[in-house]
Amino acid sequence: MCTVNIESDQCTANAEEEETAPADVSSYDWLSIVDMLGLQKHPAELVPGDVVGKELPLLEMWECFYTTYSRSVGFGIRIHTTSSNESRGLWRREWVCARQGFRREKFLSPADRKRRPRDCTRCGCTACLHVLKSMSGNSWKVQRFDTNHNHVLAAQEHLQFLRSNRKVTSSQASQIRTYKYAGLRTCDIVNLMVQQAGGFERLGFTRKDAYNKAAAMHRAETVETDSEGLLGYLASKIDSTDPTLYTKYAIDEEDRLCHIFWSDSGCQRDYMCFSDVLAFDTTYRSNAFNKPLVMFVGVNNHFRTCVFGFALLLNEKIESYKWVLETFLDCMHRRQPAVVVTDGDAEMKAAIILCFPDSTHRLCGWHLSTNATSNIKSPDFTKAFRKLLYNGMPCWINSNCTTMRGLLQRMSRDCIGQKHF
């Protein structure tokens, strides 16, 4: 019987950007906004007194106002300051000219620079629009509107090259995706869209923007295809050759694959017969997806290795180990192994205590031998330690306890002053 369960892991990432480009405000109409403000002038003729103190019900309307105004005058804009709190939410925003301020020193000459720095375009321009949310929360009021620029403004034929005016809309992105599926090259797609728009000045983005958008969509589809391809392959195995294949996976809040476990019918039968000893270890992110691969293995009656299951995990934390061990128990009908052998990882040990309370946890002999060899540089001790570890320890100690005691005493004398004893 195959079991497919979806769990959501809370994986959030907080990214703060000091300066961001304006959002898409194409859904608002400039004429209706200036009607609400009672303005009769051309955008290029506006002065601070015409706008300061005016109110609009939505922040997006002010964004549309300033975006259209900047395009008419001939400069680019960006979001400079945003303030919010728990009680009022977002309550302040300031848009500035793209050439406001100066580039910080740490970006001018970093020690680890590998590429030529971009040309510095900032010159301390003071043009801005500063709006505040009313205490009632029903409107946004202009506190400051500065129209002074200390640089040459862009000509009308160059406006489409300003960053705040360049945007690949969702409909244009869908068009690019459709043409890519049809086999067209990105350069041909851009030429076709330029012809449809009536020129580059009406397209809304540059050729480089189209290449970046096409590459970003391809990367997103590739990541999605890899995870869905794995799940599709396992589902096909269930339908065609192995109806008892067990698989379970977990996704995060963004619907990305976090963990996945699978075990076929042969693995499950082997575990029912040879569940005395279970060994599992992780290969540390040695695959293309940078995820730890967990293999559950044991030994059959011919002293040959048998595999009980596989898992790909998000990380090597206790939560991930708990998830995979509980999933392994569900797959094997809650049958716990008699002995669990690991490499001594602390997170793994804690998860075993919680999930396998009736099992005996032991360290892997190979890891013990490797650690002893690397820390104690003595061939005699290494040979004796391996003999003690692998060759019938109780009987060997009874017959050779005097030899072993003498060896340890001699090693203690030789290692005085070191940290090994």
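Select Val341 and Arg362 first: in this predicted model, Arg362 of strand β13 is the bridge partner of Val341. Widen the selection to residues 339-342, which make up β12, and residues 360-363, which make up β13, and the two strands are seen to run parallel, joined by four bridges. To follow the connection between them, add residues 346-355, since the chain passes from β12 through helix α10 to β13, in a β-α-β crossover that is right-handed.

Stay with this part of the chain and step back to the loop between α9, residues 318-331, and β12, where His333 lies. Arg334 is in the loop between α9 and β12 as well. What is the phi of His333? The angle is positive, about 60°, although His333 is not a glycine, and Arg334 likewise has a positive phi of about 60° without being a glycine. Such values deserve a look, because most residues other than glycine have a negative phi. Is His333 buried or exposed? With a relative accessibility of 62%, His333 counts as exposed, whereas Arg334, at a relative accessible area of 46%, is partly exposed.

Next, show the surface and colour Leu363, Leu368 and Leu389, which form a nonpolar patch there with about 210 Å² of accessible area together. Leu389 belongs to helix α12, which spans residues 379-390, and its relative accessible area of 30% makes this leucine partly exposed.

Move now to strand β10, residues 293-299, and display its side chains. Which of them point to one face and are buried? Val294, Phe296 and Gly298 do so, while Leu293, Met295, Val297 and Val299 point to the other face and are not buried. This arrangement can be read against a general pattern, since in a regular strand the side chains alternate between the two faces of the sheet.

The neighbours of β10 can be selected in turn. Strand β9, residues 277-283, runs antiparallel to β10 and is joined to it by five bridges; within this pairing, Asp281 has Met295 of β10 as its bridge partner. Strand β11, residues 305-312, also pairs with β10 in the antiparallel sense, over seven bridges, and here Leu293 stands opposite Leu312 of β11. If you trace the chain from β10 into β11, you follow a hairpin with five residues between the strands, and in its turn Phe303 has a positive phi of about 60°.

For the next stop, select β2, β6, β5, β4 and β3, which in that order form an open sheet of five strands with antiparallel pairing. Which strands lie at the edges of this sheet? They are β2, residues 55-56, and β3, residues 77-85, each of which pairs on one side only. Inside the same selection, pick out β4, residues 89-97, and β5, residues 128-133, which run antiparallel and are joined by five bridges. Val96 and Cys128 are a convenient pair to display, as Val96 stands opposite Cys128 in β5.

Finally, zoom out to the whole protein chain, whose secondary structure comes to 13 helices and 13 strands. Of its 421 residues, 35% count as buried, and the accessible surface comes to about 25500 Å², with 53% of that area belonging to carbon and sulfur atoms. Among the contacts with a separation of 6 or more, 57% are accounted for by residues 24 or more positions apart.

Technical notes
Residues are numbered from 1 along each chain as its sequence is written. This is a predicted model: local features need pLDDT of at least 70, side-chain atom pairs count only at pLDDT 80 or more; totals for chains, interfaces and linings use all residues. Side-chain values use heavy atoms; hydrogens and water are left out. Two strands pair if DSSP finds at least two bridges between them. A crossover is right-handed if, with the strands pointing away from the viewer, the path from the first strand over the helix to the second runs clockwise. Buried means under 20% relative accessible area, exposed over 50%, partly exposed in between (1.4 Å probe, protein chains only). Patches are made of residues with over 30% relative accessible area and no salt bridge: like charges are joined within 9 Å, nonpolar side chains (Val, Leu, Ile, Met, Phe, Trp, Tyr) within 5 Å. Accessible areas come from the Shrake-Rupley method with a 1.4 Å probe; for residues, only the protein chains shown count as cover. A salt bridge is a side-chain nitrogen of Lys or Arg within 4 Å of a carboxyl oxygen of Asp or Glu. Contact means heavy atoms within 4.5 Å.
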